[in-house]
Amino acid sequence: MSPSSHVVSLVCVVLGGAPPPAPAPVRVMAYNVLYSSPAEGIDKSLEVIEKEAPEVLCLRELTPGFAAAFRKRLGKDYPHLKLMPRKGGWGVGLASRHRLRRVERFAQKPHRMPGLEADVLVGGRTLKVACLHLMPPGATHRREDGLLETMRKNATLRKQQAEALVERYSKARGPVLLFGDMNESRTQEAMTTFAAAGFAHACHGPDALCGDTWPGAASVVPSFVEIDHILGRNLSLSGAKVLHGGGSDHFAVRASVAFPP
């Protein structure tokens, strides 16, 4: 918390007043940008981001090439950046028009696929965000495992990841936003674990235009499953939408999140 926020909080306690008024809703977006995307695909994905102009952006499968292109094209629009690119599918990044504090890269238990957490400071309020990537359905464990066994093991891992995340944020008193590539639909076990812990799905809010997010524009196969999600606790979510276009095998998702009064 900034010194000015401490002063506001102290005045509120002494005078018995209310906390700072809720700021305007914040536009958030989650996008798996495809680790193998060529330069042309990167440009198309950046066009989607530029057009949507989210205030807080979660990037998954962030590569050094995408990170460099993002900084060159959009860096001036996002003065608060934490980009942690890697070759392959484990790169992650947060881009924000609002100040970031307590930024932490953490291993998503029980598997070490990284998440990225930060406190976003918006108009005297704090929004805790976690940019996530749960275990892909087809990630192999043992060579001898067939497809069904592989998918079963990964579904179990995603549920365990969700349980660990619920535990991680169980004591967070303020608003919490989870967004990213969850690699499963709303009715599967990891997602129902989040729902049971009080995380509302943006697509259940008003003015939602949701749908399938994978595969995206980079595939000749039409999208047929919704695996990219925005979830909030102690927040009001509205205007959720799947953003068709870009150069990834995922479509981006966006929503507006509003603080409680």
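Here a colleague asks a modeller how the labels on this predicted model are earned.

Colleague: What should I know about the model before we start?

Modeller: It is a predicted model, where local features need pLDDT of at least 70 and side-chain atom pairs count only at pLDDT 80 or more, while totals for chains, interfaces and linings use all residues. Residues are numbered from 1 along each chain as its sequence is written, and side-chain values use heavy atoms, with hydrogens and water left out.

Colleague: How many helices and strands does the protein have?

Modeller: Five helices and 12 strands. Both are DSSP runs numbered from the N terminus: helices are H or I with at least four residues, strands are E with at least two.

Colleague: How do you know whether the radius of gyration agrees with a compact globule?

Modeller: The radius is taken over C-alpha atoms, and the globule rule is 2.2 Å times the number of residues to the power 0.38. For 261 residues a compact globule would come out near 18 Å; the protein has 18 Å, so the two agree. The C-alpha trace spans about 65 × 40 × 35 Å along its principal axes.

Colleague: Why is Val 120 called buried?

Modeller: Buried means under 20% relative accessible area, exposed means over 50%, and partly exposed is in between, using a 1.4 Å probe and protein chains only. Val 120 has 0% relative accessibility, so it counts as buried. Val 120 sits in strand β6. Beyond its neighbours within four places in sequence, its contacts include Val 56, His 98, Leu 100 and Val 129; contact means heavy atoms within 4.5 Å.

Colleague: And what makes Leu 34 buried and Asn 234 partly exposed?

Modeller: Leu 34 has 14% relative accessibility, so it counts as buried. Asn 234 has 41%, so it counts as partly exposed. Leu 34 lies in the loop between β1 and α2, and Asn 234 in the loop between β10 and β11.

Colleague: What makes the phi angles of those two worth a look?

Modeller: Most residues other than glycine have a negative phi, and most peptide bonds are trans. Leu 34, not a glycine, has a positive phi of about 70°. Asn 234 is not a glycine either, and its phi is positive at about 60°.

Colleague: Which peptide bonds are cis, then?

Modeller: One is the bond from Lys 109 to Pro 110, with omega near 0°. Pro 110 is in the loop between β5 and β6. Another cis bond joins Trp 214 and Pro 215, with omega about -10°, and Pro 215 is in the loop between β9 and β10.

Colleague: How do you know whether the length of α2 fits a helix?

Modeller: The expected span is 1.5 Å times one less than the number of residues. Helix α2 (residues 39-52) has 14 residues, so it should span 20 Å; its end C-alpha atoms are 20 Å apart, which agrees.

Colleague: Why do you say the buried residues of α2 line one face?

Modeller: Those residues are Gly 41, Ile 42, Ser 45, Leu 46, Val 48, Ile 49 and Glu 52. Seen down the helix axis they fall within an arc of 150°, so they line one face; the arc is that of the directions from the helix axis to the C-beta atoms. The face turned away carries the exposed residues Ala 39, Glu 40 and Lys 51. The buried residues of α2 pack against β1, β2, α3, β11 and β12.

Colleague: What makes β5 and β9 edge strands?

Modeller: Two strands pair if DSSP finds at least two bridges between them. Six strands form an open sheet in the order β5-β6-β7-β8-β10-β9, with mixed pairing. β5 and β9 each pair on one side only. Two bridges join β9 to the antiparallel strand β10, with His 201 partnered by Leu 231.

Colleague: How many bridges link β8 and β10?

Modeller: Six, in the antiparallel sense. In that pairing Gly 180 stands opposite His 229.

Colleague: What makes you call β10 mostly covered?

Modeller: Six of its six residues are buried. Asp 228, Ile 230 and Gly 232 point one way, and His 229, Leu 231 and Arg 233 the other way.
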